[in-house]
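Work through the following exercises with the model open. Each task is followed by a solution in steps.

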Amino acid sequence: MLLYDSYERVGCNPRPGVPNDPRIRFRVVRRRLPLRYIGACMTLDGRSSVPQRTHLISCCLACALGVIVSTAGAAEGPDYFPEPVYATLTASNAVESVSTDRTWNALTGAHYDAVSADGKLLLVSSKDQPEAYLVDVKSGEKLGTFQIGPTPQGVAFSPDGKWGMAVSAGDGTVSVIDVKARKLVKKVAVGKVPHNIRFTSDSKIAYVTLQGGTGVAVVDMASLGKVDEIDVPGIKGPHNLDLSDDEQTLWVRDLIGKVAAVDLGSRKVVAVIPVGLSHGGIDVIPGGKYVFTGAIADHVVDVIDPATFKVIKQIDVGQGPHGVRASRDGRWVYAGVTATDRIAVIDTQTLEVVRQEPAGGMLPFWISVAGND
Amino acid sequence: MTEAAARQLLCVLSLPLAGFHHSMRTFTMKIQSSRHISRRAVLRHAVFAVGTVAALPLAGIVSAATAAATEEAGKADQKAVQYQDHPKGTSACANCANFIPGAHSGEPGACTVVAGEISPKGWCLAYAGNG
């Protein structure tokens with residue numbers, strides 16, 4: 001309730017033209033200000049119709065209390081980074097540990113990255129050099145540089161920790177790296193313009209998208225050779241990929257703005273789903289509840305319900321989201337937003353952006369997460 | 001956007017603001033000059049003020065429609081994807097999977113995801129190395 005003081009004349013009426021008539025007296029009447037006059041209260045009656053000082057003080061105290069409560073809440077907020085999250089900063093030639101703000105430089109054109117299952121090593125491809133780098137995550141020391149061929153793209157570690165793998169789109173090969181020996185042991189020809197890799201959980205098979213073709217190559221890790229190719233019609237330029245938790249469905253993101261779900265048992269495309277514009281990463285979050293995908297020429301991350309194959313939400317994260325990866329427990333999803341140089345953190349319970357973490361450099365392109373890579 | 005279009009947009013934007021300002025000014029003058037304010041006067045001015053403010057989003061729609069008309073349907077704006085007409089390091093549109101070459105080598109072409117004329121030497125965020 002807003003109060004104001006009104007001055008009412010008491011006693012006899014004044015004579016016209018005599019402003020200081022001693023017989024005119026005033027008394028102060030406190031009134032409640034009707035809502036319809038709020039906003040004009042300073043001019044009502046042309047006199048002292050201002051809100052009471054006590055109200056102003058109360059408002060200030062309430063605001064101060066709100067600030068204290070919100071600050072305390074922020075200090076005790078959830079842990080958005082329960083395990084290390086690594087983002088390539090392509091235009092800064094670096095990889096950043098987003099959760100600790102540590103940055104490892106001298107990784108020329110850091111493009112794609114992957115973290116080993118034990119969380120101790122990173123494999124990083126270069127956008128500008130025909131190279132991939134093996135990096136110690138503790139020290140940032142470059143343990144090895146591998147000549148993988150022109151136009152390097154995706155990289156991956158096998159879950160058993162034995163192999164690293166790096167794509168050369170220009171050569172149409174994947175380089176197989178013996179992690180323990182830190183040696184490139186073989187280049188496997190997989191097809192036209194390969195792009196990224198996904199191992200099965202038993203490390204026996206690696207799927208490789210063929211952006212210049214229409215499908216996905218299957219590499220047998222025992223023989224280190226391509227043994228099959230799965231056609232994925234309905235999309236243009238298979239780009240990034242992930243597997244469902246039961247490894248029966250292959251999710252493939254294309255170059256233009258579509259996602260295909262492939263049933264690996266029947267080798268049939270069971271759904272083609274329109275998503276944001278151009279290419280991006282894709283991640284089936286641990287637990288399998290949702291599939292997230294970025295869209296670098298757009299400003300949204302699409303959330304797909306794998307039960308219905310429908311986009312259930314487009315989450316605005318800022319212009320240019322590309323890499324997307326969930327935390328190990330599937331609670332948070334991280335999106336590298338290339339035009340704003342931020343890492344958007346999405347709460348998978350509310351499907352809202354809960355944090356926009358500034359990246360430690362420019363063009364955060366790809367995200368890797370220990371325990372979900 | 002042309003100068004004429006900009007002037008037109010400015011005009012559309014300023015109309016509701018002017019209406020709102022005029023209504024509030026008249027209302028303030030009235031309550032300053034008279035101790036008695038009729039309910040009808042208050043309502044009349046309130047309706048006019050609210051109406052003019054409510055018209056503001058229309059100006060936004062006009063602006064958005066003008067911008068959209070300049071873009072090719074379903075494609076990204078060049079500015080949004082930070083398009084530049086020169087390469088970024090070793091990356092250039094001529095080597096991008098999304099580039100549609102011009103009639104002759106070296107001539108501007110188009111793009112499957114970005115609107116407008118695209119230089120083969122250009123680059124943008126949506127660059128996808130084609131090997």
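**Exercise 1. Locate Asp101(A) and describe its backbone and surroundings.**

Step 1. Asp101(A) lies in the loop between strand 4 (94-97) and strand 5 of chain A. Helices (H or I, at least four residues) and strands (E, at least two) are DSSP runs, numbered from the N terminus.

Step 2. The model is predicted: local features need pLDDT of at least 70, side-chain atom pairs count only at pLDDT 80 or more, and totals for chains, interfaces and linings use all residues. Residues are numbered from 1 along each chain as its sequence is written, while chains are lettered from A and ligands numbered from 1 in the order in which they are written.

Step 3. Asp101(A) is not a glycine, yet its phi is positive, at about 65 degrees. Most residues other than glycine have a negative phi.

Step 4. With 11 other C-beta atoms within 10 Å, Asp101(A) is exposed. A residue is buried if 20 or more other C-beta atoms lie within 10 Å of its own, exposed if 12 or fewer, and partly exposed in between, with C-beta atoms placed from the backbone.

**Exercise 2. Treat Ser203(A) in the same way: where is its place?**

Step 1. The loop between strand 14 (194-199) and strand 15 (205-210) of chain A holds Ser203(A).

Step 2. Ser203(A), also not a glycine, has a positive phi of about 65 degrees.

Step 3. Ser203(A) has 17 other C-beta atoms within 10 Å and therefore counts as partly exposed.

**Exercise 3. Which strands stand at the edges of the open sheet with the order 5-4-3-30 in chain A?**

Step 1. This open sheet has four strands with antiparallel pairing. Two strands pair if DSSP finds at least two bridges between them.

Step 2. Strand 5 (102-104) and strand 30 (364-369) of chain A each have a single partner strand, so one side of each has no neighbour in the sheet; these are the edges.

Step 3. On average, neighbouring strands of this sheet are turned by 25 degrees against each other, direction ignored. Axes here are lines fitted to C-alpha atoms, for helices over the stretch in contact, and angles run from 0 to 180 degrees between N-to-C directions.

Step 4. Strand 3 (residues 85-89) of chain A pairs with strand 30 of chain A over four bridges, in the antiparallel sense. Tyr86(A) is opposite Ser368(A) in strand 30 of chain A.

**Exercise 4. Trace the pairing of strands 7, 8 and 9 of chain A.**

Step 1. Strand 7 (residues 121-126) and strand 8 (residues 131-136) of chain A are antiparallel and share five bridges. Leu121(A) has Asp136(A) as its bridge partner in strand 8 of chain A.

Step 2. Four residues form the hairpin connection from strand 7 to strand 8 of chain A.

Step 3. Strand 8 of chain A also runs antiparallel to strand 9 (residues 142-147) of chain A, over five bridges. Here Glu131(A) is bridged to Gln147(A) in strand 9 of chain A.

Step 4. The hairpin of strand 8 and strand 9 of chain A has five residues between the strands, and Gly140(A) in its turn has a positive phi of about 80 degrees.

**Exercise 5. Summarise chain B and the confidence in it.**

Step 1. Chain B has three helices and two strands, in the order α-α-α-β-β from the N terminus.

Step 2. Of its 131 residues, 22% are buried.

Step 3. The average pLDDT of chain B (the predictor's confidence in each residue, from 0 to 100) is 70, and 46% of the residues score at least 70.

Step 4. For the complex, the predictor gives an ipTM of 0.75 and a pTM of 0.73.
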